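Thanks for coming, everyone. Let me put the structure up, and then we'll walk through it.

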Amino acid sequence: IASRTTTKEWISEGRVKVNGRVIRNPDHWVETGKDVVHLDGRKLRTEKKIYLALNKPTGVVTSHGDRDGRPTVYDYLDKLNQWVFPVGRLDMDTSGLLILTNDTEFGDRLLSPESKIPKTYYVKVAGLVQPAEYRQLEQGVDIGEDEVTGPAQVHEVRRSEKYTWFELTITEGRNRQVRRMCKAIGHPVLKLVRTRIGGYELGKIAVGNYVKLAGPDIARLLESP
């Protein structure tokens with residue numbers, strides 16, 4: 001019903017009870033289906049699982065609320081009456097496919113490095129990428145801070161006199177990874193759109209809109225090589 005930060009505040013304020021006893025420790029273990037939790041005297045119940053695919057616009061923060069007053073992904077969920085959280089993040093200047101849900105187990109599975117769920121990005125970079133530079137991306141590249149990326153897949157879409165457009169598929173989720181990979185080979189990112197997660201594609205979802213996902217869509221999201 002709220003973010004982790006907010007619920008920690010509620011717990012420390014003594015507003016939450018577990019089995020009739022006030023709990024002020026956010027790390028207190030609760031066994032769903034057995035323990036009874038109340039917030040401000042109201043019993044909490046398990047909500048129906050919901051899964052959304054949002055086409056996140058650029059200039060939008062992937063968080064709930066922003067100290068600088070910037071728009072957030074929640075501004076595009078005003079008609080939704082259930083709490084959801086974003087599965088992973090897209091930085092403010094990156095657009096495209098973002099999954100939101102209230103299913104924490106699903107979210108953990110989608111983000112887990114062990115799952116190796118592929119994520120595909122449409123990338124526009126400055127300059128003309130050479131075959132040797134593509135091979136660097138495919139084999140793994142040093143992106144600084146003692147981090148070297150794993151193997152990736154690259155498919156060039158087109159090029160002009162000054163720019164190159166290509167698709168990049170990775171199975172990791174390092175911070176700003178695609179931007180750092182492209183910078184490492186000398187081609188700064190000018191545009192970045194996430195177009196696919198697993199076997200689920202962004203498709204024709206309009207920018208700023210979202211769709212609710214059903215069973216087959218959820219299964220496609222979890223597809224791995």
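Is Tyr76 buried, partly exposed or exposed? Keep in mind as we go that this is a predicted model. Tyr76 has a relative accessible area of 29%, so it is partly exposed. The cut-offs are under 20% for buried and over 50% for exposed, so 29% falls in between.

Where is this tyrosine? Tyr76 sits in the loop between β5, residues 51-56, and β6. Look at what surrounds it. Setting aside residues up to four places away in sequence, Tyr76 touches Leu54, Pro57, Val60, Gly208 and Tyr210.

Stay in that loop for a second residue. Ser63 is also placed between β5 and β6. Its relative accessibility is 16%, so Ser63 counts as buried. Which residues does Ser63 contact, leaving aside neighbours within four places in sequence? Thr72, Val73, Tyr74 and Arg89. Hold on to Arg89. It comes back with the pockets.

Now the pockets. The largest one has a volume of about 2300 Å³. Its lining has 49 residues, and the closest to the centre are Ile1, Ala2, Arg4, Thr7 and Thr104. Several elements give two or more residues to that lining: α1 (4-12), β1 (16-18), β3 (37-39), β6 (85-86) and α2 (104-111). Which of them gives the most? That is α1, with six residues. By class, the lining has 20 nonpolar, 16 polar and 13 charged residues.

The second largest pocket has a volume of about 560 Å³. Here 29 residues make the lining. Nearest the centre are Arg89, Tyr121, Gly173, Arg174 and Arg194. So there is Arg89 again, the contact of Ser63. At least two lining residues each come from α2, β8 (119-126), α4 (177-184) and β13 (189-197). The top contributor is β13, with three residues. The class count is 14 nonpolar, eight polar and seven charged.

Next, helix α3, residues 131-139. Which of its residues are buried? Glu133, Tyr134 and Leu137. Seen down the axis of α3, these buried residues fall within an arc of 105°, so they line one face of the helix. A reminder on helix geometry: an α-helix has 3.6 residues a turn, so residues three or four places apart point the same way.

What does that buried side of α3 pack against? It packs against β11 (153-159), β12 (163-170) and α4. Turn to the face pointing away from the buried side. There you find the exposed residues Pro131 and Gln139. Just after the helix, Gly140 takes a positive phi of about 115°.

One distance ties this helix to where we started. Pro131 and Tyr76 are 55 residues apart in sequence, and their C-alpha atoms are 40 Å apart in space.

Last topic, salt bridges. How many does a search of the whole structure find? It finds 11. I'll show three.

Start with Glu13 and Arg15. Their side chains meet in a salt bridge at 3.6 Å, N to O. Glu13 is partly exposed, at 48% relative accessibility. Arg15 is partly exposed too, at 27%.

Then Asp68 and Arg70. In this salt bridge the closest N and O atoms are 4.0 Å apart. Asp68 counts as exposed, with 63% relative accessibility. Arg70, at 34%, counts as partly exposed.

The third pair is Glu147 with Arg180. Here the closest N and O atoms are 2.7 Å apart. This pair links distant parts of the chain: Glu147 is in strand β10, residues 147-148, and Arg180 is in helix α4, 33 residues away. Are these two residues buried or exposed? Both are buried. And the pair belongs to a network. Salt bridges with shared partners join Glu147, Glu172, Arg174 and Arg180. Arg174 is also one of the residues nearest the centre of the second largest pocket.

To recap the α4 story: α4 supplies lining to the second largest pocket, packs against the buried residues of α3, and holds Arg180 of the salt-bridge pair. That's my tour. Over to you.

Terms used
Residues numbered from 1 in each chain as written. Predicted model: local features only at pLDDT ≥ 70, side-chain atom pairs only at ≥ 80, totals over all residues. Heavy atoms only, no water. 1 Å grid on protein atoms, 1.4 Å probe; cavity = no way out; pocket = protein on both sides within 12 Å on 5 of 7 lines; lining within 4 Å. Points joined across faces, edges and corners; volume = space filled by probe spheres on them. Helix = DSSP H or I, 4+ residues; strand = E, 2+ residues; numbered from the N terminus. Nonpolar A, V, L, I, M, F, W, Y, C, P; charged D, E, K, R; others polar. Buried < 20%, exposed > 50% of the residue type's maximum accessible area, 1.4 Å probe, protein only. Contact = heavy atoms within 4.5 Å. Arc of directions from axis to C-beta.
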